[in-house]
Structures are given as structure tokens and as C-alpha cells.
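User: Got a minute? I'd like to go through this model with you.

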Amino acid sequence: MTARVGRTRGLLLRGVPALLRALLLAVVLALVTGSPAVAAGEPEGVELVRFTGEGCPTCAEQSAWLAEVAPRYPDLVVVEHEVWSDARARALFVATGEELGFEASSVPTTVLGERVWIGWTEAIAEDLTAALDLAVAGEPVPPGVYGSPGAGTCSQDALACETA
């Protein structure tokens with residue numbers, strides 16, 4: 001019986017990379033020990049979602065800014081979706097726009113909770129910094145859409161970037 005259990009376990013995990021096995025073990029242990037964040041399925045940290053376009057210089061400026069400020073926000077998790085060449089990412093962009101009330105047409109578009117920034121300007125950087133400060137402190141980030149297509153954005157259709 002013991003040998004059979006060993007073979008079964010080996011079959012279930014065969015081909016699963018060691019890092020994934022370790023992650024699965026951590027999740028199971030958290031569920032068993034009652035860790036509230038993992039057990040409830042809540043993400044750890046503060047999630048910032050970016051919708052970008054490959055080759056978009058404005059997106060690159062925002063990426064450089066994020067790299068610069070990231071050390072201030074150790075719990076920040078940045079999730080990027082390249083929407084110009086990835087159909088699934090584009091569909092997610094459109095669905096997010098419908099859910100949060102913005103037109104999914106220009107990049108970069110950045111989402112933190114229910115707050116959306118369209119474009120990348122100094123004013124947007126300042127507002128995003130204030131929102132990140134609130135989020136990492138556990139405070140609610142006010143919802144709404146900040147910015148608009150054509151102001152510090154790039155459009156794949158127009159093949160152009162606009163400055164503020």
C-alpha cells in the first residue's frame with residue numbers, strides 16, 4: 001500500500017516544475033493553517049494593472065518611472081498587458097473599460113482598484129503616487145477616470161503618440 005501511495009504522488013506531480021510544487025505546497029499549508037489572505041483568495045500586496053503597447057514611448061516613460069519609484073512600494077505588484085499584439089490582453093482591456101467606464105483605446109492605461117489613468121503626464125504621475133501611497137497604507141483609493149485619450153497617450157490605430 002505504501003509503495004502505491006508513493007507512485008500515485010509521483011504521478012500527480014510528475015512534470016510539475018519545482019517552483020510550482022513549492023507554490024502549491026505553500027498554498028496548501030496556508031489553507032491548512034488558516035492564513036486569511038490566501039484562504040480567502042485575497043491578493044497579497046497592491047496590484048497595479050497596466051495596459052500598454054509594444055514600442056509605445058509613453059508606456060516606456062511610465063515603465064521607467066515605475067522602476068524608479070518601485071523601491072518605495074515593496075508590496076506593489078505590477079501586472080502588464082500588452083494590448084496591441086495580444087488579442088486576449090486587448091479583450092481584457094475592453095472588458096475593463098466597460099466595467100470601469102472608460103474607452104479602451106489609448107495606452108498607457110493604468111488601473112489601481114477602481115481608479116483609472118489614461119495616458120502618462122506629470123499630473124498623472126503625481127496623482128498615481130498619491131493613490132499608491134493610499135493603497136499601501138490600506139486606505140481606499142477614490143474611484144474614477146483621470147486623463148483622456150489624446151493627452152500623453154499612444155494609439156495603435158493612429159500610429160502616433162500625443163503629448164500633453
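Analyst: Sure, here are some notes on confidence and on a few strands.

User: What should I know up front?

Analyst: It's a predicted model: local features need pLDDT of at least 70, side-chain atom pairs count only at pLDDT 80 or more, and totals for chains, interfaces and linings use all residues. Residues are numbered from 1 along each chain as its sequence is written, and side-chain values use heavy atoms, with hydrogens and water left out.

User: What does the chain average for pLDDT?

Analyst: The average is 77, and 64% of the residues score at least 70; pLDDT is the predictor's confidence in each residue, from 0 to 100. Over residues 1–14 it is below 50, and that stretch has one contact (heavy atoms within 4.5 Å) beyond near neighbours in sequence. Residues 19–40 are also below 50, with nine such contacts.

User: Switching topic: which residues of β4 are buried?

Analyst: Strand β4 (residues 115–118; strands are DSSP E runs of at least two residues, numbered from the N terminus) is covered on both faces. Arg115 and Trp117 are buried on one side, Val116 and Ile118 on the other; buried means under 20% relative accessible area with a 1.4 Å probe, protein chains only.

User: And how does β4 pair with β3?

Analyst: Antiparallel, over four bridges, with β3 spanning residues 109–112; pairing takes at least two DSSP bridges. Leu112 stands opposite Arg115. Their hairpin has two residues between the strands, and Gly113 takes a positive phi near 65 degrees.

User: What about β5?

Analyst: β5 (residues 144–147) pairs with β4 in the parallel sense, over four bridges. There, Arg115 stands opposite Gly144.

Methods:
Buried means under 20% relative accessible area, exposed over 50%, partly exposed in between (1.4 Å probe, protein chains only).
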